[in-house]
Amino acid sequence: MTRVIIYSGKGGTGKTTVSAATATLLAHKGRRTLVVSSDPAHSLADVLGKSLSREQPTTLTPTLSGLEIDTVYEWRRNLGGFQQFISSTYSSRGVDRSTAAELANQPGLDEILALQRIMTEAESGRWDAIVLDTAPTGNTLRLLAYPEMIIGGDTGRKLFDVYRGFANVARPFRRDMPKDKFFEEIGVLLEQMQKLSNFLLSTDVSIRLVLNPEKLPLLETRRAYTFLSLYGLLLDAVMINKILPQRLELGAFFDYWVDLQKGYIAEIETSFTPTPLFKTFLQDSEPIGLARLLEVGQKTFGEKDPGSLLYTERPIWLDQWNEEGTPGLYELCVRLPFLEAEMIEFERTTTDLTICVEKWHRSLALPRILYNCTLGEYRYEDGILRLEFREEEESTNAKRQIDEDLFVKLA
């Protein structure tokens with residue numbers, strides 16, 4: 001399987017440089033590597049010192065290729081019918097054609113198309129590793145959340161089927177009803193969202209957060225860490241970039257900033273341990289071009305393999321306790337650091353649990369074993385949210401009876 005590494009972080013922290021350095025080092029080690037930018041303000045080509053295509057990967061070395069994703073191209077290739085319907089709907093209501101074309105680019109779908117392109121490249125078998133340089137943290141979090149939000153569960157799919165049936169009936173009487181191509185593309189999109197959700201949660205995909213040793217990047221990285229944990233995404237490293245070197249000849253002005261950075265580095269280490277941390281010092285000159293990027297990658301990772309899964313602890317798991325003849329007691333555990341218990345809210349259905357943390361919310365599909373359990377108390381300890389689920393006595397007796405009946409049949 002293709003190893004996929006997604007770099008995210010606050011704007012200006014050096015994500016593009018770290019992404020390009022990682023990809024260059026992987027390619028230097030003989031792995032067929034693709035480095036991709038999904039940031040609309042592309043700077044990957046500038047860092048590599050090479051022009052890149054926005055439609056197909058550009059070969060840079062025998063083992064390294066680059067791509068700056070063009071969302072307009074992806075729109076036309078994947079959702080031309082959808083875009084045409086939205087644009088024509090706006091035009092029929094008196095909106096200027098050029099404005100209607102812009103409005104047809106629905107918010108968030110450009111990020112989805114970028115992520116879909118990454119999945120397509122990963123499934124192609126052409127690459128051993130793909131390194132993704134994303135937009136600043138806020139857009140990245142939206143990108144990673146959208147697949148699950150768009151799917152809408154079974155309810156979303158049923159509503160889509162109802163609307164499609166209604167459109168087929170009403171189309172002979174109304175001109176503004178979408179055509180079959182529209183529904184075919186949306187149906188494919190919903191299927192792709194399900195695939196993207198599974199893809200992001202696979203063991204071949206991990207996120208690495210890039211920050212500078214400063215207060216604002218640290219606070220934003222903590223929020224991103226919480227979000228990634230909430231959505232069950234695997235964070236396998238934190239990259240501290242632009243660290244000032246400590247040199248005697250720099251003088252008192254730089255001594256102040258070096259000491260300030262030391263304090264933030266210590267706080268970062270405390271915040272994110274045991275997640276592996278990698279440090280990149282500010283270079284003597286701009287790291288532009290493959291040779292300089294390779295040097296940065298080697299200094300950053302040292303003897304570590306940049307393509308390996310550096311940390312494997314999952315953010316969501318299930319613990320179970322129960323004694324013979326007693327109802328089962330389970331704890332659904334979610335690693336959510338940097339929170340206060342008052343910030344968390346829940347909403348339970350039979351098969352799903354929605355966890356709300358500030359403006360973010362996530363609907364978790366509960367393990368089948370919890371369907372007939374009652375949600376009890378919760379506690380938040382050492383950055384871990386523990387939700388208690390308890391089997392009802394009747395459910396336990398029914399399950400025991402099923403086991404006994406099965407034993408009799410087998411005997």
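The following exercises, with worked solutions, concern a predicted model.

**Exercise 1.** Determine how the span of helix H9 relates to the expected value, and which of its residues are buried.

*Solution.* Step 1: H9 covers residues 215–230, 16 residues in total. Step 2: From first to last C-alpha, H9 reaches 23 Å, close to the 22 Å expected at 1.5 Å a residue. Step 3: Buried means under 20% relative accessible area; twelve of the 16 residues satisfy this, and H9 is mostly covered. Among them are Pro 217, Leu 218, Glu 220, Arg 222 and Tyr 225. Step 4: Just after H9, Gly 232 adopts a positive phi of about 75°.

**Exercise 2.** Classify the mutual orientation of helices H1 and H11, and describe their contact by residue class.

*Solution.* Step 1: The axes of H1 (residues 15–28) and H11 (residues 290–301) come within 8 Å and cross at roughly 90°. Step 2: Angles of 65 to 115 degrees count as roughly perpendicular, and H1 and H11 are therefore assigned to that class. Step 3: Residues of H1 including Thr 17, Ala 21 and Leu 25 meet a set in H11 that includes Leu 290, Leu 294 and Phe 301. Step 4: By class, this contact has eight nonpolar, six polar and no charged residues.

**Exercise 3.** Identify which members of the largest nonpolar core touch the most other members, and examine the surroundings of Val 4.

*Solution.* Step 1: The core has 55 residues, of which Val 4, Val 36, Ile 118, Ile 130, Phe 199, Ile 355 and Phe 389 touch the most other members. Step 2: Leaving out residues up to four places away in sequence, Val 4 touches Ile 118, Ala 122, Ile 130, Phe 199, Asp 204, Val 205 and Ser 206. Step 3: A second, separate core of 29 residues includes Ala 45, Ala 237, Met 239 and Leu 310.

Notes. Residues numbered from 1 in each chain as written. Predicted model: local features only at pLDDT ≥ 70, side-chain atom pairs only at ≥ 80, totals over all residues. Heavy atoms only, no water. Helix = DSSP H or I, 4+ residues; strand = E, 2+ residues; numbered from the N terminus. Expected span 1.5 Å × (residues − 1). Buried < 20%, exposed > 50% of the residue type's maximum accessible area, 1.4 Å probe, protein only. Axes fitted to C-alpha atoms, helices over the stretch in contact; angles between N-to-C directions. Parallel < 35°, antiparallel > 145°, perpendicular 65-115°, else oblique. Contact = heavy atoms within 4.5 Å. Nonpolar A, V, L, I, M, F, W, Y, C, P; charged D, E, K, R; others polar. Core = buried A, V, L, I, M, F, W, Y, C linked by side-chain atoms within 4.5 Å.
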